[in-house]
Amino acid sequence: MSVGLIHTTVLLHEAVEALQIKPQGIYVDGTFGRGGHSRLILQQLGEQGRLIALDKDPAAVAAARAITDPRFKLVHSGFENLGSVLSGLAVDKVDGVLLDLGVSSPQLDEAERGFSFRFDAPLDMRMDTSSGQTAAEWLATADESLLVEVIRDYGEDRFAKQIARALVAARKEQAILTTRQLSEVVAKVVRTREPGKNPATRTFQAIRIYINRELEELALVLPQCVGCLKPGGRLAVISFHSLEDRIVKRFMRDMAQGDKMPVSLPIRAADIPQGKLKLVGKAIQAGAEEVENNPRARSAVLRVAERMNGGRGDEGG
Ligand SMILES: C[S@@+](CC[C@H](N)C(=O)[O-])C[C@H]1O[C@@H](n2cnc3c(N)ncnc32)[C@H](O)[C@@H]1O
């Protein structure tokens, strides 16, 4: 298990600052990873403060055992279960939620996890190795049309059709069980090389997003974050590609808009139902120095929003 491998936390200070930690507050780190953000949150909490962290990767859960702080609780769970995790802990509302999306460096750097074409290893790609289908299992049976859809929509690869066709032909000859087999099949049909990119980069990203249901789980957790935040509580989300960022951006924007009223209605501005969230500042990206030290930070975007008091639809939770 990749407990010992290092993850360099992206936007560490920016994300924790965005939460505006109250010493007695209750916070959620929905993506513990190796605990970079969690540790800084704990440093800023007082004795009565609490931090609840989640991760679906058993290796992250094992790494969290190093933190013996009584204010800290780690739950092995997908963040899409945030609401039920909090009720299980008898926590109603929290002061802030942080999500640092995607994969951790240890997941990418440990060959056996099967996330990377840099190593030859079994094609697994599950963040939660305790459940679900591996990439190899999925590739063995997925319809060609689904392969096209996944590689086109999640990998944004214009050779999606050719790659899907090649995968179906290749698996008739021999099961695709390893990262090397997958990258070799893809490399044969991707004719245009993007500078500095392995031709299989987009296919690997697409399959990883699909296997881990990354976009569905993000869409499921965001409303739960709003539901569990106290008024004034903060939601901070770091995303690493445009598919994730688009979901976060649209969600925050929609939640920040009050109900649209016809302009002709004789209603005072103060009586128009307000949104549940207020956007806080503009999207934040890593500075040049951070990107130089940690190339993974290059594509990171941090968006922050604050829970408003009341807000439309609050009656329904
Ligand atoms: C980018 S890393 C987080 C790194 C962390 N902030 C740190 O400083 O070490 C993302 C982590 O989120 C976890 N993760 C991704 N999707 C998840 C989900 N739906 N539920 C729970 N954990 C998830 C991954 O297993 C990974 O450990």
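Trainee: What takes up the space of the largest cavity?
Mentor: This is a predicted model: local features need pLDDT of at least 70, side-chain atom pairs count only at pLDDT 80 or more, and totals for chains, interfaces and linings use all residues. Residues are numbered from 1 along each chain as its sequence is written, and side-chain values use heavy atoms, without hydrogens or water. The largest cavity (points on a 1 Å grid over the protein atoms alone where a 1.4 Å probe fits but cannot get out; a molecule sits there if more than half of its atoms lie within 2 Å of the points) is the space taken by the ligand.

Trainee: Which residue has a backbone N or O atom 2.7 Å from a nitrogen atom of the ligand?
Mentor: A polar contact here is a pair of N or O atoms within 3.5 Å. R34 has a polar backbone atom 2.8 Å from a ligand oxygen, and for G35 the distance to a ligand oxygen is 3.1 Å. The residue 2.7 Å from a ligand nitrogen is F79.

Trainee: How much of the ligand's accessible area does the protein cover?
Mentor: On its own, the ligand has 600 Å² of accessible area (Shrake-Rupley method, 1.4 Å probe). The share covered by the protein is 99%.

Trainee: How many residues surround the ligand?
Mentor: A residue counts if one of its heavy atoms lies within 4 Å. The closest are T9, D55, F79, D100 and E217, and the number surrounding the ligand is 26.

How values were computed: Polar contact = N/O pair within 3.5 Å; in protein donor to acceptor, adjacent residues only side chain to side chain. 1 Å grid on protein atoms, 1.4 Å probe; cavity = no way out; pocket = protein on both sides within 12 Å on 5 of 7 lines; lining within 4 Å.
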